[in-house]
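Trainee: Do you have a moment to go through this model with me? I would like to start with the contacts between chains.

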Number of protein chains: 4
Amino acid sequence: MNKKMKAALLHGIGDIRIEDIPRPAPGSGEVLVQVEAVGICGSDVHYYAYGRIGSAVVTEPIVLGHEPAGTVVELGEEVTGPSVGTRVAVEPGWPCGECEFCRHGRYNICRSMRFLGMPPANPGAYCEYIAVPADFAFPIPDGMSAEHGSMIEPLAVGLHAVELACMWPGQTVAVLGEGSIGLFTTRCAKLAGALTIYATDLLDCRLEAACHLGADVTVNAAETDPVAAIMDATDGRGVDVVFEAAGAPETPQQAIDIAVPGGGIVMIGICQEQPVKTDITEARRKELVVRYCRRFCHSFPRAISLAAAGAVDMDCVDTHRFGLDDIAEGFEIVKNYLDGVIKATVQIPGG
Amino acid sequence: MNKKMKAALLHGIGDIRIEDIPRPAPGSGEVLVQVEAVGICGSDVHYYAYGRIGSAVVTEPIVLGHEPAGTVVELGEEVTGPSVGTRVAVEPGWPCGECEFCRHGRYNICRSMRFLGMPPANPGAYCEYIAVPADFAFPIPDGMSAEHGSMIEPLAVGLHAVELACMWPGQTVAVLGEGSIGLFTTRCAKLAGALTIYATDLLDCRLEAACHLGADVTVNAAETDPVAAIMDATDGRGVDVVFEAAGAPETPQQAIDIAVPGGGIVMIGICQEQPVKTDITEARRKELVVRYCRRFCHSFPRAISLAAAGAVDMDCVDTHRFGLDDIAEGFEIVKNYLDGVIKATVQIPGG
Amino acid sequence: MNKKMKAALLHGIGDIRIEDIPRPAPGSGEVLVQVEAVGICGSDVHYYAYGRIGSAVVTEPIVLGHEPAGTVVELGEEVTGPSVGTRVAVEPGWPCGECEFCRHGRYNICRSMRFLGMPPANPGAYCEYIAVPADFAFPIPDGMSAEHGSMIEPLAVGLHAVELACMWPGQTVAVLGEGSIGLFTTRCAKLAGALTIYATDLLDCRLEAACHLGADVTVNAAETDPVAAIMDATDGRGVDVVFEAAGAPETPQQAIDIAVPGGGIVMIGICQEQPVKTDITEARRKELVVRYCRRFCHSFPRAISLAAAGAVDMDCVDTHRFGLDDIAEGFEIVKNYLDGVIKATVQIPGG
Amino acid sequence: MNKKMKAALLHGIGDIRIEDIPRPAPGSGEVLVQVEAVGICGSDVHYYAYGRIGSAVVTEPIVLGHEPAGTVVELGEEVTGPSVGTRVAVEPGWPCGECEFCRHGRYNICRSMRFLGMPPANPGAYCEYIAVPADFAFPIPDGMSAEHGSMIEPLAVGLHAVELACMWPGQTVAVLGEGSIGLFTTRCAKLAGALTIYATDLLDCRLEAACHLGADVTVNAAETDPVAAIMDATDGRGVDVVFEAAGAPETPQQAIDIAVPGGGIVMIGICQEQPVKTDITEARRKELVVRYCRRFCHSFPRAISLAAAGAVDMDCVDTHRFGLDDIAEGFEIVKNYLDGVIKATVQIPGG
């Protein structure tokens, strides 16, 4: 196919350019999605700022973006649905389907995952059209905007984290880090019946959003020691479940320190500085269970249902929108935590 | 102690009398509670109507009632709290504390349980004063009425049932039977993140209360086959979790029939007609897990917290109140499902 | 393909005939297996004796048999393995691979399962060649006979049942019914660390085999009340886990009666008489968890590994072998529990 | 009471002396045990070598020792059993019995635990008599030596660790560190059905014992990189469950590296150098569950039953025995890993 489309290519650190590239065609089992909105994720910004995340290096110009929503415009062979015209949120990781982990239904830990917009070789969604496996394009309801559709991805992470936590009504919870994933985790923990949620972050605007979504007590960790504050507020008991969603070097230790004996920790955040240093003496004394969380697994349909049912106020996360031509501005704002940004979305006009 | 108090004694079938009996004194480890409100439970009414439940037979006059709330007025020896003047809800089952099950923290399955108001020998709470173990008198907040305090008991059952179900946000649920326990189960399932709750009962007034508390779809089983209705509404899939709270002969089979393959059933209801007949072929084909629910376990504090936080609208369950002298009238109304009764409470004026 | 092969066809009740029928060709994704041994299962005998199991009716001549082992002799298109010449045990249920349950890794509860040798329309393995999905043909080691290979199927059921039970070392167990599945369940429970296993059956020869495989105490239920015997032997406590593998009308109630409070029951057996009558009062008082078991799930490779490692003495189950021409004799012996039969196998000479 | 007894007192680093001290009298609820054998634990040796473990400091002369077995010789008030003359293994941690964790049956995480032989203030068992709570003195069978009785304590740790792991038959396991706790963990993992156990240690004599107790493949980590060896042996898959029982700085990372995606890690070891540095990137990518293990919980009776049933060969752990007068020699041998020592026991002659 010799058709062209507009795309934002990252050429190197801080160098993102709008160019015309070939429009993809849907292969067998794929649908072509006309992209309408794509979230800007912290990992996108990290590639933009540093040119790499661990072993994933930007070696040639690449289209980033892995939180797309849009409309199905063409079906590849052997696709029975979703049909042309269906508005969809796209789950961005596509497992092999054959390995032990896929067969056991835990496809999120497939070792042969293709991931949308992941350097060096997997192009992403900051462009007009993407071809994606039909099974990973999930219909969204008419009343849901494309921007909110693009936010199903971080909501699915929060939902999966809460599923891993095995909560029950009346538990106490802490969420460390209230970026978009922390916020959706907060919301899902409240949906799971949390009685009291303690939220920590460095930015007051995020803590305000956390309160909107279900947090009961907030701690600005730039001003107050969150461990002391939460232990004090719980009369020294600690909380039943801690969600680490900050990805900071110090939050894993905080999680251990504020968990109740016998409690659980769910590790969601991606700390770029490894190794992490933790004193695990208390983890052992408290006999904690630490569950690491890998993205999401079978979570998109449920996340869409919850959002469609009004169980999640996505507006208070959806703070900034940019056109494709202004994507660099969006990246800078997210990178520098400017203007109270929580989730910024790139809007892509019809192709 | 030669002090007297008023009490309602069940002398035999349909024969309940208000009499003066000796006021109890708190033993070591006990507190004396001045009773202010006591719920009328289906089991109380069953003793009133039939004189027995299984092997528990009313052989001599007995004070029934096991859902009391009131105020601590005297402490026995070695009691450090709750202090005199504290308003409390009383957990009515008192385990031995020594057996294998108690030591493992599962005191609700203790085989040596003393249960308040259980024939033939354990007197209950339809009276002015009861002596109860201090550990089973749980403080309630100032803003909670004694009537609502007495309803902590059925709420605790619903909370325990939902804990057994191991739910997560976005699941679909059915609650079969919307008496007070079914209603509180409905509420707790909603608190646990249920996306859609199907509620069934024979009485429309209860289904209306179920909607208030979180049910999304109701089926009056007197008019509509609940299995067909729920399978139809779920496109033949069934629901993730079924709570059997009716105690009817036909509801266990309904639970099997509407559970999704791989799903769970929590059996709460107490069917008086045993044995139950069930075709378990589908239970095996679906590889269901059936969890039987025994009252509550460590549930009172959390139930009180949730009610105190406003997470449970207790008013729509709290339909009828009677004075101690009118207790027989209350029993008749509950027994015959008159006047839209859901939960009736006996109010006991200060001694 | 106009090649022919020998097969045993069930024409009706008690009427099984050896005939020449067309040899199948492997389709895409399938392998052709030259069958060497096929177990005779109680369900095969039930079709032979009654012409039906529930809604599965023998309406036209059908080849039964779903416990085959043999050698791969031809690969269909797109098959990468197992290669020609590989000796395999065949898992007999083939799920759709697309539904919710398959995608979650619980393919054994797929509602669109094709099952080998299931009336009216799925031909089975009492014949020289079968075409099966390559993914369900599992290599067995050189040292394992085809007869033992065919017994991987019932071993996989026992293994799956024990996985469902979530056991730990030192628990006490009862296995009700010591046919081949009960025997393998007994063995797997011992492998899972059972300290004491109580085995019940009506036949002493099976109880002897149970002792070989790990049972510590046996009860012939034709002579002794198993509930009284096991409760007595456990000083009234009961056992931690009960496996119901008899499929008799009375064993579900026995399971409830002998389970310890807080214990678990795994229901494996297929009772042909439904509904089952059970008094569930004690199940609720004990807060039991009843897990229904559906065949096996991801169990074949692990069952083969355990057998290959010598962890399961398959010889004491492998009591009778018949040639294909003598299959009716085998059915009669199994049907009438003659000659100490536990597992009979049909041997099929090379085509 | 003015009776005296012999005891070994640690006065300071490397300074242990046999002295006469007052014999204790059993308080209410306690029994007096005449000590016959006490294991030397790594923590005892650590106090001997460094004078402290973390915040527990030897500030005044103290009797160490927390793995005693002996005979009940006197009952305190309100004790109904075990009776005088009963031989017992003593569980050394005594919880408050009142806190949230005790009431939930998880007494091992009680924050008010008294622990036998723990500086600065809790005297231990290297002496002729100890008074212990009757509920923590567990009868051992006649055929079990006091030395083996004293080894119930480390066996109980291994059993508890395996219970936390939620294993099933056919899983693959690695045990990192084959001291006495690692060895008993190895045995319990085998009892739980492990198909293949990989064992690592720095000492060949311990690896040999590991093979006796169930290990299938051993890696001397002083010579071979255990991560490379185990990943190679498992074709890059890793193992289902890793038990970290070395308490070395590098083993937590090894555990992450060799766990299969979706697998579990149980952290048993007590690393004296904190904080631990770990790169948790792979833990998150693999979505691992890390369960920290705190001693034991309800484990002594089951450990005794398994040992009594012959399921654990304790002889291959029981390598060295010393008289009370030679305790310092025993400490030196354990401290320096001399003479192939695995578990050394102090024998105490009748008082």
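Trainee: How many residues of chain B are in contact with chain D?
Mentor: Bearing in mind that this is a predicted model, four residues of chain B are in contact with four residues of chain D.

Trainee: And what area is buried between chain B and chain D?
Mentor: About 450 Å² is buried between the two chains, and carbon and sulfur atoms give 50% of that area. On the side of chain B, the residues B:R103, B:H104 and B:H298 supply 79% of what that chain buries against chain D, which is more than any other three residues.

Trainee: How many salt bridges and polar contacts are there across that interface?
Mentor: The rule finds zero salt bridges across the interface of chain B and chain D, whereas two residue pairs are in polar contact there, both at pLDDT 80 or more. The residues of chain B that touch chain D divide into three polar, one charged and no nonpolar.

Trainee: Switching chains, what rotation superposes chain A on chain D?
Mentor: A rotation of 180°, with 0.0 Å of shift along its axis, superposes chain A on chain D with an RMSD of 0.0 Å, and that is the relation of a two-fold axis. Since 100% of the interface residues of chain A are also interface residues in chain D, the copies meet through the same surface.

Trainee: What about chain A by itself, how many helices and strands?
Mentor: Its secondary structure comes to 11 helices and 21 strands, and the C-alpha trace of chain A spans about 65 × 40 × 35 Å along its principal axes.

Trainee: What radius of gyration does chain A have against a compact globule?
Mentor: Chain A has 20 Å, which agrees with the value near 20 Å that a compact globule of 351 residues would have.

Methods: Residues numbered from 1 in each chain as written. Chains lettered and ligands numbered in written order. Predicted model: local features only at pLDDT ≥ 70, side-chain atom pairs only at ≥ 80, totals over all residues. Heavy atoms only, no water. Contact = heavy atoms within 4.5 Å. Buried area = accessible area lost by both parts, 1.4 Å probe. Salt bridge = Lys/Arg side-chain N within 4 Å of Asp/Glu carboxyl O. Polar contact = N/O pair within 3.5 Å; in protein donor to acceptor, adjacent residues only side chain to side chain. Nonpolar A, V, L, I, M, F, W, Y, C, P; charged D, E, K, R; others polar. Least-squares fit on C-alpha atoms with pLDDT ≥ 70 in both. Helix = DSSP H or I, 4+ residues; strand = E, 2+ residues; numbered from the N terminus. Rg over C-alpha atoms; globule rule 2.2 N^0.38 Å.
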